[in-house]
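Thank you all for coming. I would like to walk you through one structure today, taking the charged pairs and the empty spaces in turn.

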Amino acid sequence: MSTPAKGYAAHSAETPLAPWSFERRTPRPDDVSIEIMYCGVCHSDLHFARDDWGMAAYPVVPGHEIVGRVTAVGDDVTKYKAGDIVGVGCMVDSCRQCNSCSSGLEQYCAEGFTMTYGSPDRHDNTLTQGGYSDSVVVSERFVVRMPEGIDLKSAAPLLCAGITTYSPLKHYGVKPGDKVGVIGMGGLGHMGVKLASALGAEVTLFTRSESKVAEAKEQGADHVVISTDDEQMAAITETFDFMLDTVPVQHDINPYLNALKPDGTHILVGLLEPIDPAVSGANLVFRRRVLAGSLIGGMPETQEVLEFCAEHGITCDVEMINIDQINEAWDRMQKGDVRYRFVIDMASIKEENAA
């Protein structure tokens with residue numbers, strides 16, 4: 001039988017999030033039922049709910065940085081049992097058969113992966129609902145185990161911000177001694193600094209704000225460049241092996257391409273809109289540079305980043321909120337007023353329901 005659930009949902013692009021009662025699906029044989037403990041608040045949640053990308057479906061419960069406790073498992077589940085502490089990220093299904101899925105790269109599924117919220121379920125066509133809620137039901141394949149000793153609250157954003165920055169650093173082979181530039185100092189950017197540093201790279205943060213200099217160095221950046229300072233930008237021409245670009249809005253990437261060595265790679269992880277202003281072909285052709293993109297990570301790599309962060313003591317810097325503060329948190333997030341990720345204590349939804 002389906003299970004009653006409580007969450008906060010957007011019912012249109014213009015209305016604030018509000019309490020909503022709905023049904024979680026009847027668990028399937030490969031399903032894991034999870035009581036949600038914490039859920040990170042990603043900027044993508046706001047973009048989707050406000051229909052900024054033109055793909056929203058309502059009502060929708062956002063949230064794809066989920067940490068919780070297993071309450072029950074289906075008969076075919078072998079990896080988890082009741083009581084285990086687990087995580088769920090940006091995906092809850094895929095075709096499971098294409099070359100990408102067979103390689104553990106479900107985020108590049110040939111048919112498109114099923115998002116944690118706002119996607120039609122592949123089996124019954126119901127709309128998936130996310131982690132701003134008290135429970136979730138997810139196929140075992142798309143559940144990861146939280147490592148022993150990791151701080152669960154601040155580990156929740158690793159399931160999106162962490163894997164989004166870790167995956168390209170690993171894929172493009174960042175190694176000790178490489179010079180890595182991280183563009184932007186938000187939820188993604190500060191994780192990029194921490195992870196690149198832990199991989200042994202010499203890390204430079206690029207920011208428009210002088211106020212971020214000390215902050216960036218506290219996060220592990222070896223250097224900070226003020227990107228609006230022409231002299232500072234000229235001084236680092238052709239010095240970097242990689243640029244990790246976390247900026248989610250349109251911006252000029254040509255100056256950053258000029259900062260790459262020949263064969264350097266500029267990796268977009270934040271921008272989904274057309275690149276504007278246009279990229280100069282000469283910035284690529286004359287130095288054999290690569291302009292690349294990267295999307296979250298597959299399930300094996302998501303487990304890997306959790307283990308890596310546990311081993312190196314890496315967590316996301318978070319500010320805890322209760323569920324009834326979510327609209328205020330979204331307003332603050334839109335203004336950049338968070339260091340660096342809100343995380344909802346989902347015990348607050350139980351308290352709200354009991355009141």
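What follows is a short tour of this model, beginning with its salt bridges and ending at its surface.

Please keep in mind throughout that the model is a predicted one.

Let me begin with the charged side chains. As a general point, side chains of opposite charge can pair when their charged atoms come close. How many salt bridges does a search of the whole structure find? The search returns 25 salt bridges, and I will speak about a few of them.

The residue I would ask you to find is Arg25, whose side chain meets that of Asp31 in a salt bridge, with 2.8 Å from N to O. Arg25 counts as partly exposed because its relative accessibility is 21%, where the buried class means under 20%. Asp31, by contrast, has a relative accessible area of 1%, and is therefore buried.

Arg25 also forms a salt bridge with Asp121, and here the closest N and O atoms are 3.3 Å apart. Where do these two residues lie in the chain? Asp121 is in the loop between strand S7 (114-115) and S8, while Arg25 is in the loop between S2 and strand S3 (31-41), so this pair ties together parts that are 96 residues apart in sequence. Asp121 counts as buried, because its relative accessibility is 9%.

A further pair is formed by Glu304 and Lys170, whose closest N and O atoms are 3.7 Å apart. Glu304 belongs to helix H10 (residues 299-312) and Lys170 to helix H4 (residues 161-171), so the salt bridge ties together parts that are 134 residues apart in sequence. Glu304 is partly exposed, with a relative accessible area of 34%, and Lys170, at 37% relative accessibility, counts as partly exposed. Returning to Arg25, we find that salt bridges with shared partners join Arg25, Arg28, Asp31, Asp121 and Asp124 into one network.

Let me now turn to the empty spaces. Rolling a probe the size of a water molecule over the atoms shows where empty space is left. In the whole structure, a search finds two cavities of 30 Å³ or more.

The largest cavity has a volume of about 60 Å³, and its lining includes Cys90, Phe142, Leu159 and Ile296. By class, that lining has seven nonpolar residues, three polar ones and no charged ones.

The second largest cavity holds about 40 Å³ of space, and some residues of the network return here, since Arg25, Arg28 and Asp121 are among those that line it. Its lining has five charged residues, three polar and one nonpolar.

Arg25 appears once more in the second largest pocket, which has about 300 Å³ of space. Of the 17 residues that line this pocket, Arg24, Arg25, Thr126, Leu127 and Thr128 lie nearest its centre. Strand S2 (18-24) and strand S8 (135-139) each supply at least two residues of the lining, which as a set divides into seven nonpolar, five polar and five charged residues.

Finally, on the surface, Trp53, Met55 and Leu272 form a nonpolar patch, with about 300 Å² of accessible area together. Trp53 is found in the loop between helix H1 (43-49) and strand S4 (66-73), and its relative accessibility of 33% is why it counts as partly exposed.

Terms used. Residues are numbered from 1 along each chain as its sequence is written. This is a predicted model: local features need pLDDT of at least 70, side-chain atom pairs count only at pLDDT 80 or more; totals for chains, interfaces and linings use all residues. Side-chain values use heavy atoms; hydrogens and water are left out. On a 1 Å grid over the protein atoms alone, a cavity is a set of points where a 1.4 Å probe fits but cannot get out, and a pocket is an open set with protein on both sides within 12 Å along at least five of seven lines; lining residues have an atom within 4 Å of a point. Grid points are joined across faces, edges and corners, and a volume is the space filled by probe spheres set on the points. Helices (H or I, at least four residues) and strands (E, at least two) are DSSP runs, numbered from the N terminus. Ala, Val, Leu, Ile, Met, Phe, Trp, Tyr, Cys and Pro count as nonpolar, Asp, Glu, Lys and Arg as charged, and the others, Gly among them, as polar. Patches are made of residues with over 30% relative accessible area and no salt bridge: like charges are joined within 9 Å, nonpolar side chains (Val, Leu, Ile, Met, Phe, Trp, Tyr) within 5 Å. Accessible areas come from the Shrake-Rupley method with a 1.4 Å probe; for residues, only the protein chains shown count as cover. A salt bridge is a side-chain nitrogen of Lys or Arg within 4 Å of a carboxyl oxygen of Asp or Glu. Buried means under 20% relative accessible area, exposed over 50%, partly exposed in between (1.4 Å probe, protein chains only).
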